[in-house]
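Open the structure in your viewer and get your selection tool ready. We'll go from stop to stop, and at each one I'll tell you what to pick and what you'll find there.

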Amino acid sequence: MHASEAPQAPRQYRAAELAKAAGIPERTLRYYRERRLLPPPRRVGRVAWYDDSHLSRLRTIAALLARGHTLGGIAELIAAFTAGHDTGRTAELLGLAEPLPAPAEPPPWAEERPVRLTRAELAAYWPGGDSPENLAAAVETGYLTVAGDEITHFSRELLEATSALVEEGLPLPVVLAAGQVLRGHAEELAGVFTEVLRAHVAPEVLGHDAGDGDRHPLSAEDVERLTEVLQRLRPLVKRAVSAAITLAVDRRLGAEFQPPAGG
């Protein structure tokens, strides 16, 4: 089996190690266990072993506490997810009672379309993805929204890519955390492209200045012309971004692992 095909063994923690990784006192960990906020650890003899799912749960608890939720409310949230019902109340506890809505009708030039899923369908893509900690992380990352019993993921391509990474052995919480960083960089890249388009392409295509101080509503003809241009430019921008990322990754990996000369 190729090294990249071998799934990584989940990391194991003793109680003190888990508490340190989560940044909480060990007595707090014991208290959460007593309140049944954590799933039971795996026991080998007299030793209790925790894994990354427990660490992710602790981080979610910390995030919900920071939002002002009580431990009682968090316990109710976890119980709702575990029982698989009352998702409307669960969304309320997560602070998602009024989620950012997916666009009802994406603009004509949009390539991605939202995907509507049930919890079971999301779990088929992301094993454990419907857990409270992973769902909260995905919402925080901007991948999806929750409205009652319905989950909306904003990109099928991203949904499937994330699923493939998890199948390769990467833990879902790690992928979601990396996705949050990636989204920030993607927004910056989109800003660069949009500014170039606004300053150097739109005036010629639309026949007027598209500057911030002189915005014009787009006519149907404007939309058609802009969509046609974007269909030509978008693949070129993707190639440039992909090549730049590939070069950066190659440099970072070379500096980190230092392959032998000529290898």
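Here is a short tour of the model, one selection at a time. Keep in mind as you click around that this is a predicted model.

**Stop 1: the segment before α1**

Start by selecting Gln12, which lies in the segment ahead of α1 (15-22). Gln12 is partly exposed, with a relative accessible area of 27%. Now add Asp51 to the selection. How far apart in space are Gln12 and Asp51, C-alpha to C-alpha? The gap is 4.7 Å, although 39 residues separate them in sequence.

**Stop 2: a loop residue with an unusual sign**

Next, pick Arg36, in the loop that runs between α2 (26-34) and β1 (42-44). Is Arg36 buried or exposed? It counts as exposed, because its relative accessibility is 73%. Check the backbone too: phi of Arg36 is near 60°, a positive value in a residue that isn't glycine. Most residues other than glycine have a negative phi.

**Stop 3: the second largest pocket**

Now select Ser56, Arg59, Thr60, Glu133 and Ala137, the lining residues that lie nearest the centre of the second largest pocket. There are 18 residues in that lining, and the pocket holds about 420 Å³ of space. Which elements give two or more residues to the lining? Colour α3 (52-66), α7 (132-141) and α9 (172-206) and you have them. The largest share comes from α3, with 6 residues. If you colour the lining by class, you should get 9 nonpolar, 4 polar and 5 charged residues.

**Stop 4: helix α7**

Stay with one of those lining elements and show α7 by itself, then bring the rest back. Why is α7 described as largely enclosed by the rest of the structure? The reason is that 8 of its 10 residues are buried. To see them, select Pro132, Glu133, Asn134, Leu135, Ala136, Ala138, Val139 and Thr141. Then step just past the end of α7 to Gly142, where phi is positive, at about 95°.

**Stop 5: from α9 across to Val237**

Move along to Phe193, which sits in helix α9. Phe193 is partly exposed, with a relative accessible area of 24%. Select Val237 as well: the two are 44 residues apart along the chain, and their C-alpha atoms are separated by 8.0 Å.

**Stop 6: a salt bridge in α10**

Turn on side chains for Glu228 and Arg232. These two meet in a salt bridge, at 3.8 Å from N to O. How many salt bridges does the count come to? The count is 1. Both partners belong to helix α10 and are 4 residues apart, about one turn of the helix. In an α-helix there are 3.6 residues a turn, so residues three or four places apart point the same way. As for Glu228, its relative accessibility is 46%, so it counts as partly exposed.

**Stop 7: the nonpolar patch**

For the last stop, follow helix α10 (residues 220-257) to Phe257. Phe257 counts as exposed because its relative accessibility is 61%. Which residues make a nonpolar surface patch with Phe257? Add Ile245, Val249 and Leu253, then switch on the surface: together with Phe257 they make a patch of about 390 Å².

Conventions: Residues numbered from 1 in each chain as written. Predicted model: local features only at pLDDT ≥ 70, side-chain atom pairs only at ≥ 80, totals over all residues. Heavy atoms only, no water. Patch = residues over 30% accessible without salt bridge, like charges linked within 9 Å, V, L, I, M, F, W, Y side chains within 5 Å. Areas by Shrake-Rupley, 256 points an atom, 1.4 Å probe, with all protein chains shown as cover. Salt bridge = Lys/Arg side-chain N within 4 Å of Asp/Glu carboxyl O. Buried < 20%, exposed > 50% of the residue type's maximum accessible area, 1.4 Å probe, protein only. 1 Å grid on protein atoms, 1.4 Å probe; cavity = no way out; pocket = protein on both sides within 12 Å on 5 of 7 lines; lining within 4 Å. Points joined across faces, edges and corners; volume = space filled by probe spheres on them. Nonpolar A, V, L, I, M, F, W, Y, C, P; charged D, E, K, R; others polar.
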